[in-house]
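Grab your viewer and a notepad. Here are some short exercises, each with its solution worked through.

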Amino acid sequence: MAALWCRLQCLSFFRSSVRLLFRKNPANRKSHNWTSVLYSGLAALAVGGRLCAVPFKQVENLSHDSLVRRAASLVTDSSSTFLSQVTLALIDAVTEYAKAVHTLIALQRRYLASLGKLSPAEEDAIWQVIISQRAEVNHRQDELKRFELTWATSVRLCETAAEAAYISGAENASIMIRTNIQLAQSQVEEAQKLSLDAEKKLAETKVMEVERMTQHAASLESNNDEEIPEAYLRED
């Protein structure tokens with residue numbers, strides 16, 4: 001069944017190719033030997049039910065070299081599309097991650113500014129919001145890492161496609177995809193500055209938080225010492 005399916009697929013491909021040739025070149029309709037050209041090109045079918053090889057005879061300029069160059073150009077086009085889509089997704093992920101980090105920074109600084117001025121209920125409510133935002137930051141960071149891995153894979157894919165296009169003689173396609181790689185890299189580097197800046201400010205806020213919490217604890221301890229009556233501090 002697999003071999004039969006493969007044969008049917010190849011015959012369907014031949015028929016569609018003939019219709020395409022007729023549409024592009026009406027003069028081909030006058031030819032009476034096109035069937036011999038097509039069916040003589042059918043050299044191998046269904047190797048283990050998985051592979052259909054459809055080599056063509058050299059018709060006009062359709063040599064193996066030209067077909068390979070066309071295929072290489074298609075590969076570079078599809079690889080560039082993949083890279084562009086992943087680059088867009090990565091830039092959006094970086095932006096959302098940076099926004100989440102800046103929101104967390106704002107919440108923590110607001111809490112530190114009001115430290116000691118809040119009721120226990122208000123302090124607990126703020127901490128619930130901070131904890132929720134930390135979870136959002138972690139989620140955005142995981143998403144960012146996932147797209148970073150996908151983007152790195154897409155760059156390697158494009159580099160391989162560029163090399164294949166160059167070797168096959170499709171120099172223009174190779175140059176174009178390498179240009180797209182450089183453009184994507186510059187865009188990602190520019191976007192990553194946002195996340196680096198946000199992470200730097202978050203680290204600064206954590207240091208500030210440790211300092212303020214230490215000062216607040218010392219202040220509470222000092223107030224407790226002042227409230228102890230002098231009689232309890234004297235030795236018997």
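What follows is a set of three exercises on the core, a ring pair and a helix.

Ground rules: this is a predicted model, where local features need pLDDT of at least 70, side-chain atom pairs count only at pLDDT 80 or more, and totals for chains, interfaces and linings use all residues. Residues are numbered from 1 along each chain as its sequence is written, and side-chain values use heavy atoms, with hydrogens and water left out.

**Exercise 1.** Find which helix gives the largest share of the largest nonpolar core.

*Solution.* A nonpolar core is a set of buried (under 20% relative accessible area, 1.4 Å probe, protein chains only) Ala, Val, Leu, Ile, Met, Phe, Trp, Tyr and Cys residues joined through side-chain atoms within 4.5 Å. This one has 31 residues, and Leu-144 is among those that touch the most other members. Helices H3 (64-113), H4 (120-168) and H5 (171-227) each give two or more, with H3 supplying the largest share, 14 residues. Helices here are DSSP runs (H or I, at least four residues), numbered from the N terminus.

**Exercise 2.** Classify the ring pair Tyr-111 and Trp-127.

*Solution.* Rings pair if their centres lie within 6.5 Å; planes under 30 degrees apart are stacked, over 60 edge-to-face, the rest tilted. Here the centres are 5.3 Å apart and the planes sit at 65 degrees, so it's edge-to-face. Next, burial: Tyr-111 is buried at 2% relative accessibility.

**Exercise 3.** Compare the span of H4 with the expected value.

*Solution.* Take 1.5 Å times one less than the number of residues. With 49 residues, H4 reaches 72 Å from first C-alpha to last, close to the expected 72 Å. Gly-169 then follows H4, with a positive phi near 100 degrees.

Key
Buried means under 20% relative accessible area, exposed over 50%, partly exposed in between (1.4 Å probe, protein chains only). Rings of Phe, Tyr and Trp (its six-membered ring) pair if their centres lie within 6.5 Å; planes under 30 degrees apart count as stacked, over 60 as edge-to-face and the rest as tilted.
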